[in-house]
Amino acid sequence: MSIGNTLRKLRTRQNKSQQEIADLLNIDRKTYVNWENDQNGIKSEYIPKLASIFKVEIKDLFLDSDPKIEIIQNNHSEGKETSILNGAILIITDKNSVEDLVNVIKNKLENN
C-alpha cells in the first residue's frame, strides 16, 4: 500500500472529507488529493501535521507503503576464456524488508 492509500484509509476511518483534511493543513484540496493519488510527494513539513490529524505516529504513515524492490542481474563474459562474472543487485527501500531478507539469508547460510 502506498502513502496515498494510507492517507485515504486514515481519512475515511475518521469520516473526514479531503477538503476537511486540506483545511486542517491550510492547503488547497487539490494538493491533498494529489497526495492521496500519489501524484505528488508530501513536503516534510506536513508529515508531523498529518500524523497529528490522524492520531498516529509518523512512522505509521509509512508502514503500509509497498516496499520498492528492484533486481538487476548482470552476466559478463570477458575474452575467449570462460571467465564469467555473475552478480545481482537488490535495491530495497523498506527497512523492515531489508531486515527480513538479511534474516532469511542468515538462516539459509546457517542451515547449509
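Among contacts in the chain between residues at least 6 apart in sequence, 44% join residues at least 24 apart. The model is a predicted one. The chain has 112 residues, and buried residues make up 23% of them. Six helices and two strands are present. Along the sequence they follow the pattern α-α-α-α-α-β-β-α.

Start with helix H3, residues 29-36. At its start, a side-chain oxygen of Asp28 reaches to within 3.1 Å of the backbone nitrogen of Lys30. The buried residues of H3 are Tyr32, Val33, Asn34, Trp35 and Glu36. What do these buried residues pack against? Their partners are H1 (3-13), H2 and H4. After H3 comes Asp38, with a positive phi near 55°.

Take the contact with H1 next. The axes of H1 and H3 come within 7 Å and cross at roughly 115°. H1 is therefore roughly perpendicular to H3. On the H1 side, the contact uses Gly4, Asn5, Leu7, Arg8 and Arg11. On the H3 side, it uses Tyr32, Trp35 and Glu36. By class, this contact has three nonpolar, two polar and three charged residues. An α-helix has 3.6 residues a turn, so residues three or four places apart point the same way. That spacing is a useful guide when looking at the helix faces here.

The loop between H1 and H2 holds Asn15. Its phi is positive, about 55°, although Asn15 is not a glycine. Most residues other than glycine have a negative phi. Is Asn15 buried or exposed? Asn15 counts as exposed, because its relative accessibility is 69% and the exposed class begins over 50%.

Helix H2 follows, at residues 18-25. H2 and H3 pack at an angle of about 110°, and their axes are 8 Å apart. H2 is therefore roughly perpendicular to H3. The crossing of H2 and H3 is right-handed. From H2, the contact draws on Gln18, Gln19, Ile21, Ala22 and Leu25. From H3, it draws on Arg29, Tyr32, Val33, Trp35 and Glu36. The residues of this contact divide into six nonpolar, two polar and two charged.

Gln18 deserves a separate look. This residue is found in H2. Gln18 is buried, because its relative accessible area is 17% and buried means under 20%. Which residue does the side chain of Gln18 meet in a polar contact? The partner is the side chain of Glu36, at 2.9 Å. Glu36 is itself among the buried residues of H3. Leaving aside residues up to four places away in sequence, Gln18 touches Arg11, Arg29, Tyr32, Val33 and Glu36. Of these, Arg11 also takes part in the contact of H1 with H3.

Beyond H2, the loop to H3 contains Asn26. Asn26 is a residue other than glycine, and its phi is positive, near 55°. Asn26 is exposed, with a relative accessible area of 69%.

Now turn to helix H4, residues 47-54. H2 and H4 pack at an angle of about 125°, and their axes are 10 Å apart. Why are they called oblique rather than roughly perpendicular? The perpendicular class covers 65 to 115 degrees and the antiparallel class starts over 145, so H2 and H4 at about 125° are oblique to each other. Their crossing is right-handed. Ile21, Leu24 and Leu25 of H2 meet Lys49, Leu50, Ile53 and Phe54 of H4. The contact divides into six nonpolar residues, no polar ones and one charged.

Lys49 lies in H4. Lys49 is partly exposed, with a relative accessible area of 40%. Leu25 and Lys49 are 24 residues apart along the chain, and their C-alpha atoms are separated by 7.1 Å. Leu25 takes part in the contact of H2 with H4. Leu25 also takes part in the contact of H2 with H3. Ile21 is likewise found in the contact with H4 and in the contact with H3.

Conventions: Residues are numbered from 1 along each chain as its sequence is written. This is a predicted model: local features need pLDDT of at least 70, side-chain atom pairs count only at pLDDT 80 or more; totals for chains, interfaces and linings use all residues. Side-chain values use heavy atoms; hydrogens and water are left out. Axes are lines fitted to C-alpha atoms, for helices over the stretch in contact, and angles run from 0 to 180 degrees between N-to-C directions. Helices (H or I, at least four residues) and strands (E, at least two) are DSSP runs, numbered from the N terminus. Angles under 35 degrees count as roughly parallel, over 145 as roughly antiparallel, 65 to 115 as roughly perpendicular and the rest as oblique. A crossing is left-handed if the near helix is turned anticlockwise from the far one by less than a right angle, and right-handed if clockwise. Contact means heavy atoms within 4.5 Å. Ala, Val, Leu, Ile, Met, Phe, Trp, Tyr, Cys and Pro count as nonpolar, Asp, Glu, Lys and Arg as charged, and the others, Gly among them, as polar. Buried means under 20% relative accessible area, exposed over 50%, partly exposed in between (1.4 Å probe, protein chains only). A polar contact is a pair of N or O atoms within 3.5 Å; within protein, one must be able to donate a hydrogen and the other to accept it, and residues adjacent in sequence count only if both atoms are side-chain atoms.
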